[in-house]
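The following exercises practise the reading of a protein model. Work through each task with the structure in view before turning to its solution.

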Amino acid sequence: MYGRDPWGGPLEINAADSATDDDRSRNLNDLDRAALSRPLDETQQSWLLGPTEQKKKKYVDLGCIIVSRKIFVWTVGTIVAAALLAGFITLIVKTVPRNHHKHPPPDNYTLALHKALKFFNAQRSGKLPRHNNVSWRGNSGLQDGKGSPGSFYKDLVGGYYDAGDAIKFNFPMAYAMTMLSWSVIEYSAKFEAAGELAHVKELIKWGTDYFLKTFNSTADSIDDLVSQVGSGNTDEGSTDPNDHYCWMRPEDIDYKRPVTTCNGGCSDLAAEMAAALASASIVFKDNKEYSKKLVHGAKTVYQFGRTRRGRYSAGTAESSKFYNSSMYWDEFIWGGAWLYYATGNVTYLELITKPTMAKHAGAFWGGPFYGVFSWDNKLAGAQLLLSRLRLFLSPGYPYEEILRTFHNQTSIVMCSYLPYFNKFNRTKGGLIELNHGDPQPLQYAANAAFLATLYSDYLDAADTPGWYCGPNFYSTKVLREFARSQIDYILGKNPRKMSYLVGFGPRYPRRVHHRGASIPKNKVKYNCKGGWKWRDSKKPNPNTIEGAMVAGPDKHDGFRDVRTNYNYTEPTLAGNAGLVAALVALSGDEDTSGTIDKNTIFSAVPPLFPTPPPPPAPWRP
């Protein structure tokens, strides 16, 4: 059966396809389920759904840049959330109670150090800087060394007055500057922590600037050296105005101040001055021009001392009455050691490690004053200084033998300071009598405290826990305990409860033997004898000379606060220099042992390549 196809062509209707309506409906339902079970492709979807509209992305115009709105919202939201979280954390941190860790207050040694350094400000001679910080002092000694035509010096203005008078003794002054420099080289970090590094360096330079005036420091060789400015001779009832007969403020001195020189036979003074200049050159190594000038002067004056042998205080020299030098061999080793460290020239090391040098200096003598370090005897300090070389650089042959001897002798000296061996007596209050009961004991105790602390720090820095005294081993802590006991005694832990450092603690000497401190600054000029009434007054000094360590008690711990007795109440440059060194060494926390600067002192020392020892002699039957 054929019908007509509306699209053209015949339409055939098969008899088999002519089914009932129910069959057709059932077939259509089956087709629908099959179609629905098969996924449609994109074309089919487009037929069914028609064309879709794409969503337009939204943007935010920030002026300099256009960003997606979605990104912008997320970014801003993240920032706000982070800010809220940070604020919440901050609020919690601020509201939660907590312990505040404050810096501990300065220890007694640091407090005393501030005052002990100030003493040097009070002793300055010359035109004072504006920041000298001693209100009752002014310019003085401005004519020192002037008006001497044909002399080898131009002027001698500057330096320091020695004690309670106005004399400039160059021998103890040079020792004092060496001690200050040594303490800075070893403990610069502690000076810095105390806020005193710039101050102490300024004090050292005040002294070395003056020393460079006392000889022709630019020359390679010299024939003369100044040993003293001023005079204090009062023998045979002399009434000539001088620095001991008169009692005047240094600012008011109007009498002539003589200059004492030596042109031969002042080896001790020359070598000590070389030590002062050489050690200071290490302190000022960053100022290359000044350091070089100091080194040149040190080499020149040391060579002068080596070629012109003799003691500066020999014969009728006035200095023999006040600062008599017992020998010059210890200064040769002391000055030579500092020159070696300052220059690195092994010639100096070869010289000072000759066994004959050590023998002449008394390194093998022993005796009652062995180990007593002072302005006169530098041997104990020199041996410790060279033990440092052995501990940290170990130069070996040919220096090892004598350096080992110095090291052993240093250990013996440290043993002698301990109370277990009774080498030196002690007062009932615990003060060691290094000068065997003679007056003015504190300066020797302070020096010993410095050496003991420094040696303990050397050992700690070398990872050595202690040392032997015969068969007994002692910890480095024992040395520090000894040092503290002596300095604590000076600061007031003694039977009289008296601090012998002026201005420290509630009770200290008020009638210090000191001209400037005892005469009021009241615009009245007291002449040579006019000041005697202030000398003899029983009233306390009108001016407090802060930081002055007085001479100290007697061997029974007794002390008289009397201005006219210098054996009790007079301070000195040398004494205060040793005290400064001991105080800075002990300052800081108790666990700061071993805090020395190991390397600065070796800055100029080249690498050491030990010479091999000579071969043994050939064997013979």
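**Exercise 1. Identify the residues that form one aromatic cluster, and state how many aromatic pairs the whole structure contains.**

Solution.
Step 1. Apply the criterion: rings of Phe, Tyr and Trp (its six-membered ring) pair if their centres lie within 6.5 Å; planes under 30 degrees apart count as stacked, over 60 as edge-to-face and the rest as tilted.
Step 2. List the members of the cluster: Tyr175, Trp182, Trp334, Trp338, Tyr340, Tyr341, Phe373, Phe450 and Phe602.
Step 3. A search of the whole structure gives 36 aromatic pairs.

**Exercise 2. Establish what kind of model this is and where its confidence is low.**

Solution.
Step 1. The model is predicted: local features need pLDDT of at least 70, side-chain atom pairs count only at pLDDT 80 or more, and totals for chains, interfaces and linings use all residues. Residues are numbered from 1 along each chain as its sequence is written, and side-chain values use heavy atoms, with hydrogens and water left out.
Step 2. The mean pLDDT (the predictor's confidence in each residue, from 0 to 100) is 89 for the protein, and 86% of its residues reach 70 or more.
Step 3. The pLDDT is below 50 over residues 24–37, a stretch that has 3 contacts (heavy atoms within 4.5 Å) beyond near neighbours in sequence. Over residues 46–50 the pLDDT is also below 50, and this stretch has 2 contacts beyond near neighbours in sequence.
Step 4. Where pLDDT is low, the predicted coordinates should not be read in detail.

**Exercise 3. Describe the surroundings of Phe332.**

Solution.
Step 1. Trp329 and Phe332 make an edge-to-face pair, with 5.7 Å from centre to centre and 90° between the planes.
Step 2. Locate both residues in helix α9 (residues 329–343); because they are 3 residues apart there, about one helical turn separates Trp329 from Phe332. Helices (H or I, at least four residues) and strands (E, at least two) are DSSP runs, numbered from the N terminus.
Step 3. Classify Phe332: its relative accessibility is 0%, so Phe332 is buried. Buried means under 20% relative accessible area, exposed over 50%, and partly exposed in between (1.4 Å probe, protein chains only).
Step 4. Arg306 lies over the face of Phe332, 4.9 Å from the ring centre. The rule for a charge over a ring is that NZ of Lys or CZ of Arg is within 6 Å of the ring centre and within 35 degrees of the ring normal. Another such case is Lys205, whose charged end sits over the ring of Tyr290 at 4.7 Å from its centre.

**Exercise 4. Examine Thr410 and the turn of chain that holds Pro398: is Thr410 buried or exposed, and which peptide bond is cis?**

Solution.
Step 1. Thr410 belongs to helix α13 (residues 400–417).
Step 2. Its relative accessible area is 2%, so Thr410 is buried.
Step 3. Leaving aside neighbours within four places in sequence, Thr410 is in contact with Gln383, Leu384, Ser387 and Tyr455.
Step 4. The cis peptide bond joins Tyr397 and Pro398, with omega about 5°. Pro398 lies in the loop between α12 and α13.

**Exercise 5. Compare the descriptions of Asn133 and Gln440.**

Solution.
Step 1. Asn133 has a positive phi of about 65° although it is not a glycine; for Gln440, also not a glycine, phi is positive at about 60°.
Step 2. Asn133 is in the loop between α4 (108–122) and β5 (168–169), and Gln440 is in the loop between α13 and α14.
Step 3. Asn133 is exposed because its relative accessibility is 58%, whereas Gln440 is partly exposed because its relative accessible area is 23%.

**Exercise 6. Determine where Ser475 is placed and which residues it contacts.**

Solution.
Step 1. Ser475 is in strand β9 (residues 472–475).
Step 2. With 29% relative accessibility, Ser475 counts as partly exposed.
Step 3. Leaving aside neighbours within four places in sequence, Ser475 is in contact with Pro465, Gly466 and Trp467.
Step 4. Ser475 and Ser456 are 19 residues apart in sequence, and their C-alpha atoms are 8.6 Å apart in space.
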